[in-house]
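Hi everyone, thanks for coming. Let me bring up the structure I'd like to walk you through today.

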Amino acid sequence: MSNTRVAKRLPRDPGPPAWRSIIPEQPRYPKLENKIITDWLIIGGGFAGLSAARRLCQITNTDKIALIEASEIAAGPAGRNSGFMIDLPHELGSGSYQNKIEVDQKHIKLNRQALQFAKDAAEEYSMPTEAVEPSGRINGAVNTDGEKHNKEYAQHLDQLGEQYKNLSSFEMEKITGSTFYKSGLFLPGCLMLQPALYISKLANGISQSNGNKFSIYEHSPAIEIKKNNDSWEIKTPTGSVITKKIIMAVNGHAESFGFFENRLMHVFTYASMTKKLTNDQLTKLGGEKKWGVTPSNPMGSTVRKITGINGDRILIRNRWTFDPSMEVSEQRVSKFGNDQDKSFNDRFPMLSDVEMEYRWAGRLCLSLNSVPAFGEVDKNIYSACCQNGIGTAKGTLAGIGAVDLATNTDSAIVNDMKSYDAPKKLPPKLISYLGANAIIKWRELKAGKEL
Ligand SMILES: Cc1cc2nc3c(=O)[nH]c(=O)nc-3n(C[C@H](O)[C@H](O)[C@H](O)COP(=O)(O)OP(=O)(O)OC[C@H]3O[C@@H](n4cnc5c(N)ncnc54)[C@H](O)[C@@H]3O)c2cc1C
């Protein structure tokens, strides 16, 4: 293995980061334009990177910490997601064997540690309430398959001793204003984030509370990582960092540096957000001020009604594509916008005059065996990557866990992360490309009305 790793590609985020566009301007950070020396370098400023930063600031005294972000804070996937920070996994182990119950309970406990981390950060940095709200989510069912899924899920929750509430079609209408849903399963533990607000305030809060100890650099992608005796030198287009330890928090872009090669699946999903709803439109819609519905079928549409600094809006997310190039075109975003419009009209026929203001796509990273890309991947380089699509909670855990591992801190997160196999090798590129996209299409077709 050569001493130098050059980034094969850098992140490109198609469409605007809508969540960030609807909040007041947040502090911006300088570009790295000189050579700096630090104890720690965090590469990537999303959930994993910023959680690692907060954790490092908490457990080190005099260490200097820098974070470099290729783009801007909250402009990447961290500010593009739907903001469901879930405590209960989407899939629970089937059957009632005691060991499966224990595994689910362990994961729920760890996820709740991530949720608590977000709540604590929100309090410590005096975030506005809409950044992190403990308002729960609903798993909406639109057909008999969805209802069956919710029923089985509720049975698992009974075995786990978890709370939930069944919602009738009438109750769903009272909450969402829509007659589209046959029923729903309310899961109270989910935190609802305004993801761009949370991530921006997290970055700002850590910076403000740690003075010279911690620095963020935006528009400063790592383009080369080179070993220099006992330290690492990381180059950006206009500067460089000499550091002892690196936390690699770039999710799928770990592969761009040659880590976990051919083991990570790069997937995009797509979303649209309406313009601010007028009073007249809000009256026609009815329902509660804010709510979030995840689909019973994972290929279905996620829908959120939000209310906040910039008015009331509806967000709708659907469609998936597998893109090993880690890039998708603006045309694709616009084409899939038609699918979001259709799903929106199906659910809210009374809002036929409402237009979408933002359309975007975002990157996710999955592994074939649904495990994280975690651990020490080279001497003193710690990976906190591959969140398998639920990165608000898992990315938070991975960031904390990578720091715990790097500092030899006794940690339930590290013990859990270490218990997984490595991400499985993918089949040859063309086969995975064709195969994965065919499977996605087929599953989307099967999702039917859920889309
Ligand atoms: C539309 C959409 C909806 C979603 N909804 C949800 C949801 O409701 N709940 C949920 O849990 N998850 C959701 N996700 C997934 C979630 O956004 C991701 O899992 C999460 O952002 C991953 O966090 P991360 O910190 O690991 O990676 P990222 O958020 O991708 O952060 C990595 C950062 O690294 C930076 N980077 C990459 N390469 C370099 C480099 N060379 N140098 C410097 N910086 C670099 C990137 O710019 C990026 O900012 C959704 C995703 C999308 C796209």
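Before we start, one definition: when I say domain, the bounds come from an automatic or database domain assignment. And please keep in mind that this is a predicted model.

So, let's begin with the overall layout. The assignment for the protein chain gives two domains, each pieced together from three segments: domain 1 is 4–80 + 196–264 + 368–427, and domain 2 is 133–193 + 266–366 + 443–450. Taken over C-alpha atoms, their centres are 29 Å apart. Where the two meet, domain 1 puts 31 residues into the contact and domain 2 puts in 26.

Now for the ligand. Where does the ligand lie relative to domain 1 and domain 2? It lies between them, because both domains give residues to the shell around it. That shell is made of 34 residues, and the closest are Ala48, Glu69, Phe84, Gln387 and Thr392. If you want to find your way around by secondary structure, look for helix H2 (47–59), strand E18 (356–366) and helix H9 (391–406), as each of these supplies at least two shell residues.

What is the shell like chemically? By class, you'll find 17 nonpolar residues, 14 polar ones and three charged ones.

Let's zoom in on some backbone contacts. Phenylalanine 47 has a backbone N or O atom 3.0 Å from an oxygen atom of the ligand. At alanine 70, a polar backbone atom sits 3.0 Å from a ligand nitrogen, and at serine 82 the corresponding distance from a polar backbone atom to a nitrogen of the ligand is 2.9 Å. How much of the ligand does the protein cover? On its own, the ligand has 990 Å² of accessible area, and 97% of that is covered by the protein.

Two pieces of strand architecture to finish. One is an open sheet of three strands, ordered E4-E9-E5 and paired antiparallel. Strand E4 (84–85) and strand E5 (132–133) are its edges, each pairing on one side only. Between E5 and strand E9 (residues 191–193) there are two bridges, and glutamate 133 faces methionine 192 of E9 across that pairing.

The other piece is a hairpin formed by E19 and E20, with two residues between the strands. Strand E19 covers residues 373–378 and strand E20 covers residues 381–385; they run antiparallel and share five bridges. Aspartate 378 stands opposite isoleucine 381 in E20. In the turn, have a look at asparagine 380, which has a positive phi of about 65°.

That's my tour, and I'm happy to rotate the view for anyone.

Note on methods. Residues are numbered from 1 along each chain as its sequence is written. This is a predicted model: local features need pLDDT of at least 70, side-chain atom pairs count only at pLDDT 80 or more; totals for chains, interfaces and linings use all residues. Side-chain values use heavy atoms; hydrogens and water are left out. A residue is near a molecule or strand if one of its heavy atoms lies within 4 Å of it. A polar contact is a pair of N or O atoms within 3.5 Å; within protein, one must be able to donate a hydrogen and the other to accept it, and residues adjacent in sequence count only if both atoms are side-chain atoms. Accessible areas come from the Shrake-Rupley method with a 1.4 Å probe; for residues, only the protein chains shown count as cover. Helices (H or I, at least four residues) and strands (E, at least two) are DSSP runs, numbered from the N terminus. Ala, Val, Leu, Ile, Met, Phe, Trp, Tyr, Cys and Pro count as nonpolar, Asp, Glu, Lys and Arg as charged, and the others, Gly among them, as polar. Two strands pair if DSSP finds at least two bridges between them. Contact means heavy atoms within 4.5 Å.
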